[in-house]
Amino acid sequence: MKTTFVGKMSAALVALGLTAGPAFADGQVNILTWEGYADPSFIKQFETESGCKVSATYVGSNDDFAPKLAAGGSVYDIITPSLDTTYTMVDAGFVEPLDTSKITEWNNIYEKFRKSAGINKDGVTYGMPYAWGAIAFMYRVDKFPTPPTSIADLWNEQYKGKVSLWDDKSAIYVAARLEGNTNIYELNDAQIEQAKQKLIAQKPLIRKYWATAGELVDLYVAGEVWISNTWAGYQSAQIKAKGIDVKEFIPKENAEGWLDSWMIVKDTPNKDCVYKFLNMQSSELGQCGVANVNGYSAANPIAAKKCMKPEQYDALHQDDPAYLDSLMLWRNLGARLEAYTNAWNAVKAAN
Amino acid sequence: MKPIIEIDHVSRIFGGKIVAVDDVRLDIAEGEFITLLGPSGCGKTTLLRMLAGFELPDRGAVRLDGKDVTHLPPYRRDVNMVFQDYALFPHLTITRNVAFGLERLRLERADITRKVEETLQLVGLSDKADRMPHQLSGGQRQRVALARAIIRRPRVLLLDEPLSALDANLREAMQVELKHLHRKLGLTFVMVTHDQTEALVMSDRIVVMHNGRVAQAGTPSELYDRPASTYVANFVGTSNLLKGVVSGISKSAVTVDHAGFKFECPPVRSVVAGQHVIVGIRPEKLQITGLVNGVAPPANAIDCEVEERHFHGNSIRLRCRLSSGEPLLCDQQLGTTGALKAAPEKGERIRLAADADSLALFTEDDRA
Amino acid sequence: MKGFRLDRLPGLAVLSAPLVWAVLFLFIPYLIIFTYSFWLKKYPTFIPAFQFGNYAQIFADPQYYQVLLRTGKIALMVTGLSLLLAYPFAYFLVFKVKSSRVRSLLYMAVIAPLWVSYLLRAYIWKTILGSEGVLNSFLVWTGILSAPTDLLLYNQFSMVVTLTYIFIPFMVMPIFTALEKIPRNLVEAAGDLGVPPWGTLAKVIWPLSLPGVIAGATFTFCLTFGDFIAPMLVGGPDGVMIANVITSQYGAALNWPLGSALAVVLLIIVLVIIELSDRLQRKDRIGLG
């Protein structure tokens, strides 16, 4: 779940660059994914070893998967939607069942992930969990003498014009928790309306809703934003690298957790390479690859342990089941999705 | 009478090097119809535009009614112009075009309406009041332009080639109309044209311009009968210009030899014996005295051979060639029946003679 | 006997290429969008139907007509500001700049940014208007402000400024052309008839340049009306425009039918404006014959 604005715009170009794979390739795998999930640092080795050429196209948000697949054309073999989108892919018939017996490390993946409702339907598994993390919160250390501990700090008049929030339906989850509604994935209409009003009331404090990872980084670096939510591990590292001291925190209202899974597009002709690719991604090469490039936690802690330094393993909460359990893991909203997105759109449309 | 316009040593130099108007001095009398005549590029239009205020002189002054207006913008000068291509406002009706100049005069609405009606009537366009300019013919637009310019009754009306865009018949009718209008309104008209006939027909006085300077100013007949230079002689009407040498000078005449023929010219210029000069003879001043015979030609007579005859309706033009090889034009009126028959045939050698009074003497050829 | 001559084929191809292009990439997509606009949103995607619910929703739910109104407001402000800046500039170029070299140089200076990427030009305004941007730094440095202001960026002001900057060439070009077409002697004639320069501007130059003004206003208004990048880059939380709503209906909401209905409404609005402007221009052009 990593992207930058420029990355999105130049997706096609990057894809072209990756196309220049080994000449001896006897197969191929076309992926629609987040930037960083097909990073040359580990993909090159895979291409050499497997003989499968990898072509990647990048998405900027989970909302990009459905339109691209709905447009048809069987361009992509595998995709990596997040847990709030995976079930829609299944329901819409965009993806096909996964043969878990072909994935060597399958049983080493966190059980909580393997059994997640988002990737299982009627006892059939459709996705291979890959990377995870929290939708944490983040603030500029120099602007907060007392570190913020609550979502309420994003509604604090004191920080008027310095607040940002992800331009996503997850804003509803945030506002609902502030209202004390912890059943954020099962809100009724009244609760959604409550969250919506809360968000509308927050609008005067908002500097800008961030749409892409890179945009939030830019907003912090340009001094526009002091506090926001964030994709834990990823943006904070980039912001720190540019000399702005930020700190992530999990508020007392808790944080959502996200999980990205690999899903096989229905009727792909490249099954052979696809399973080679999945085996690579679920093993040390892929698991440490994604952790090193993006700062996300790995879905296969057994593989991760073999290739991570203890500090990194620790920092990514890989042996901390309590942390994982505390996160409110994203869920498929099903038919309720419309109510959530509609409310969020109404917030943005409001004057 | 005090002149209404004084052009006082005015020069206009474009881009620091092209001298369009060169030290022109000219007084224009009130009520006069004066025409600036010359070929394109002679400076006549630039001079007119300086009167209007569209161009500012680089040197000299322009006075209107005794007041210095040299640097006054156009909208503060009591002159109005009829533009060459009329410059009617395409988005306004004829009425509003004509009324345009009144709008800043703070007149009563009814007053404006009356004046516009009167003026349109004057130019015969009462029935076109509500049309748009593009709905009118060229001649009608011309009248609108005229109406628009005279409605303010300016001290001076400027006309920039007002008839050049009209066809020949219409032009002639408009010449007469303009002349009538001038008399009726009693305004001072300053017109620019390159058409000598137009100038001769309409003007009280013509200013012939040449290379930014005034070549000659005078009444039409003065210019025609006593051109000051070969340039004027050739530009106003047509002239035969014969090169010759002064062979004798007396109180009453200067004798010029041209290829064995002698001309006794009026002594209007001081010349010395042996000087190279030019004799100007209008084609219609040459009379046929007979066929060439053995008798030596008298003074002011010349022999030539008819090469071509051109029938002009009321006259016939003979294109002849002198023994010196120079061409000579001769116009013969066809006033009486049989005159055409009597005219010499092609190839005949005829003797032509002119009155001494009708000869012009020039010291140099400045036709260029 | 040949019923069909092969040598005519290239000519035929040349003629039909634009037509094929128009049908393939304009007409058919419009038709598809039009069809979708009657479909029904049904989890997980949408199903074929023929109903007007999507259109009803647009006019019943305030979030849609509010955004339409806001988009119209922004487009009007951009059009007004562009006109206010472009007209005097074009007037200056055509009537005051004597040297034709200087004139074409200044004209190109306005047109040249069209060759620079839209994104880059919008980004420039971010660096100018930002809290720690060029303008704020300058205002603080001169002492006009004691602390940087947030009021310059991420709001409707910054959107209007950016969109004006981006679309102003489309205002300058037709006005410049219209002014250049006005015969100089009409200006002289007005002066000659006693009307001072400002009166000439009001009574002659302005009415005769109206077709250019209308064309420029139409371009600017329609381009702004359909813009979605400025709200993304320099717009704030109150900056969502109609094209952004359409984007999110096609994306996040996965509600192509509603997105299509919105697109049809947007298309109709733009077509109506173009038609109106066309009529106005035709009416004004009669004068010029």
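What follows walks through a predicted model, from its chain contacts down to one helix and one residue.

Starting with how the chains meet, two pairs of chains touch, and the A and C pair has the most contacts of the two. That contact draws 24 residues from chain C and 30 residues from chain A. On the chain C side, α3 (62-96) and α11 (242-250) each put in at least two residues. Sorted by class, the chain C side that touches chain A comes out as 12 nonpolar, eight polar and four charged residues. Chains A and B, on the other hand, do not touch, and their nearest C-alpha atoms sit 44 Å apart.

Confidence in chain A is uneven along the sequence. The chain averages a pLDDT of 89, and 92% of its residues score at least 70. At the start of the chain, though, pLDDT stays under 50 over residues 1-25. The model still has 55 contacts beyond four places in sequence for that stretch of chain A.

Chain B is built from nine helices and 20 strands. Its C-alpha trace spans about 85 × 50 × 35 Å along the principal axes. Of its 368 residues, 40% count as buried. Taking the contacts in chain B between residues at least 6 apart in sequence, 65% join residues at least 24 apart.

Chain B splits into two domains, with domain 1 covering 3-233 and domain 2 covering 238-362. The C-alpha centres of these two domains of chain B lie 39 Å apart. Where they meet, four residues of domain 1 of chain B are in contact with six residues of domain 2 of chain B. The domain 1 side of that contact has two nonpolar, two polar and no charged residues.

Moving to strands, chain B has an open sheet of four strands in the order β2-β1-β4-β5, with antiparallel pairing. The edges are β2 (18-29) and β5 (67-68) of chain B, each of which pairs on one side only. Strand β1 (residues 3-14) of chain B runs antiparallel to β2(B), and eight bridges join the two. As for individual positions, I7(B) has L26(B) in β2(B) as its bridge partner.

Back in chain A, helix α12 covers residues 284-294, and its buried residues are G286(A), Q287(A), C288(A), G289(A), V290(A), A291(A) and N294(A). These buried residues of α12(A) pack against several other elements of chain A: α3 (40-50), β7 (127-140), α11 (271-282), β13 (297-298) and α13 (301-307). Just after α12(A) comes G295(A), with a positive phi near 80°.

V290(A), which sits in helix α12 of chain A, is worth a look of its own. V290(A) counts as buried because 27 C-beta neighbours fall inside 10 Å, and the cut-off for a buried residue is 20 or more. Setting aside neighbours within four places in sequence, V290(A) is in contact with G36(A), Y37(A), Y130(A), A131(A), Y296(A) and A298(A). P129(A) offers a view of the fold across the sequence: V290(A) and P129(A) are 161 residues apart in sequence, yet 12 Å apart in space, C-alpha to C-alpha.

Conventions. Residues are numbered from 1 along each chain as its sequence is written. Chains are lettered from A and ligands numbered from 1 in the order in which they are written. This is a predicted model: local features need pLDDT of at least 70, side-chain atom pairs count only at pLDDT 80 or more; totals for chains, interfaces and linings use all residues. Two residues are in contact if their C-beta atoms, placed from the backbone, lie within 7 Å. A residue is buried if 20 or more other C-beta atoms lie within 10 Å of its own, exposed if 12 or fewer, and partly exposed in between; C-beta atoms are placed from the backbone. pLDDT is the predictor's confidence in each residue, from 0 to 100. Two strands pair if DSSP finds at least two bridges between them. Domain bounds come from an automatic or database domain assignment. Ala, Val, Leu, Ile, Met, Phe, Trp, Tyr, Cys and Pro count as nonpolar, Asp, Glu, Lys and Arg as charged, and the others, Gly among them, as polar.
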